Amino acid sequence: MIATEDTIKEEQPSSKLSYKGAGVDIETGNQLIELIKPITRSTARPGADGRIGGFGGIFDLKAAHYRDPILVAANDGVGTKLKLAIETNNHNQVGVDLVAMCVNDLVVQGAEPLFFLDYYATGKLSLSSAKEVINGIAEGCLAAGCALIGGETAEMPGMYNGNDYDLAGFAVGAVERQNLLTNADAKEGDIILGLASSGLHSNGFSLIRKVIEELDLKYEDICPFLETKSLGEALMEPTRIYVKSCLQALKLGGIMGLAHITGGGLFENPPRAFNDQLSAHIDATTWSLPPVYKWLMKTNLIKPEELAQTFNCGIGMIVIADPSLVQNVIQELTNLGETVHELGVLKKRPKSLPKVTIENIASWKN
């Protein structure tokens, strides 16, 4: 049979598929962009106007008054705390966490955060949830003094179920070459200071969820360590941002190193601020565990060593200070709103000694 024009038309399937029908709504994505434009503009700073919409964000280092800058970059997420945010429908605070986890990693090298970009991926875009997350991101950027200059919102049906979404953050900072902090400056006898955390921050939530499951608790239950809030609300307390206080204290002089206490807790993170010939000797009795950690200890489900390996235990940032200037550093950080604890000292490290020793850690059981 010879195919005629009419038979060809009959054999071809009708055009009834669309991107929107496949689960991707470009119009909703465009609506989100319009919703968040005022939010991003609120984060404008010298070097960036906070506007979005182009193919890439722009930052003018000259306008930020750098002469010989080193750029420092960091990216991170918020781990399984994101699952808690989704299950408790609390999306604003996790946006703050996202920024904090990145910018706190910049300041430990002496870098001022300049700009931030976010990645938000979901199965079906919810304007209200996405806007709440980005509101939190902007709040974090303002606290860190950096501009939100762009990001990516990806709607990917089939990759995520229900209301699930994923977040990643990207931050770039700058420091004058001569002021770059490395692990080469700290020395024997330097004093180890700890800046108080705001709670769990954004690490250890897989273990927290196991504890909650073991105790048969619900997020809507009254919090066992903070009766004015539900358990979910208390656990969602956002990560403290140390950028402005640490940058200001660095100008004073006397700070030899900084370490952000994230995954790996008090054992893994402090050594990133000093060389292999040194070890940190920390006394666990020099500060009081915050309520959430006292509660975790009372459950008898976690050993003190596991607590220190997994969580910040109430210390969100380590500051290593020259002993001759340590009191000035403490006073400056205190004036800037930080709660400062004197934790211990750096000593020479024999090969047989670990890089961090936490003395009196058994006291946390009491």
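**Exercise 1. Find the bridge partner of Gly-194 in strand 10, then place that strand pair in its sheet.**

Step 1. Gly-194 has Ile-318 as its bridge partner in strand 10. Strands here are DSSP runs of E with at least two residues, helices are runs of H or I with at least four residues, and both are numbered from the N terminus. This is a predicted model: local features need pLDDT of at least 70, side-chain atom pairs count only at pLDDT 80 or more, and totals for chains, interfaces and linings use all residues. Residues are numbered from 1 along each chain as its sequence is written, and side-chain values use heavy atoms, with hydrogens and water left out.

Step 2. Widen the view to the two strands. Strand 5 (residues 191-196) and strand 10 (residues 315-321) are joined by 6 bridges and run antiparallel. Two strands pair if DSSP finds at least two bridges between them.

Step 3. Now the sheet. It is open, has 6 strands in the order 8-10-5-11-9-12, and its pairing is mixed. Strand 8 (255-260) and strand 12 (356-359) stand at the edges with a single partner strand each, so one side of each lacks a neighbour in the sheet. From one strand to the next, the twist averages 25°.

Step 4. Add the helix. Helix 8 (residues 243-252) lies across strand 5, strand 8 and strand 10, at about 165° to strand 8. Angles run from 0 to 180 degrees between N-to-C directions, with axes fitted to C-alpha atoms, for helices over the stretch in contact. Contact means heavy atoms within 4.5 Å.

**Exercise 2. Which strands stand at the edges of the sheet with the order 1-4-2-3?**

Step 1. This open sheet has 4 strands and mixed pairing. Its edges are strand 1 (69-76) and strand 3 (147-155); each has a single partner strand, so one side of each is left without a neighbour in the sheet. The twist averages 15° from one strand to the next.

Step 2. Turn to strand 2 (residues 112-122). It runs antiparallel to strand 4 (residues 165-176), joined by 10 bridges. In strand 4, Phe-115 is partnered by Val-172, and Ala-121 by Asp-166.

Step 3. Take the other neighbour. Strand 2 and strand 3 run parallel, with 8 bridges. Tyr-119 has Glu-152 as its bridge partner in strand 3.

**Exercise 3. Is strand 2 largely enclosed or open to the outside?**

Solution. Of the 11 residues of strand 2, 8 are buried (under 20% relative accessible area, 1.4 Å probe, protein chains only), so the strand is largely enclosed by the rest of the structure. Helix 4 (residues 92-107) lies across strand 1, strand 2 and strand 4, at about 35° to strand 4.

Key. Buried < 20%, exposed > 50% of the residue type's maximum accessible area, 1.4 Å probe, protein only.
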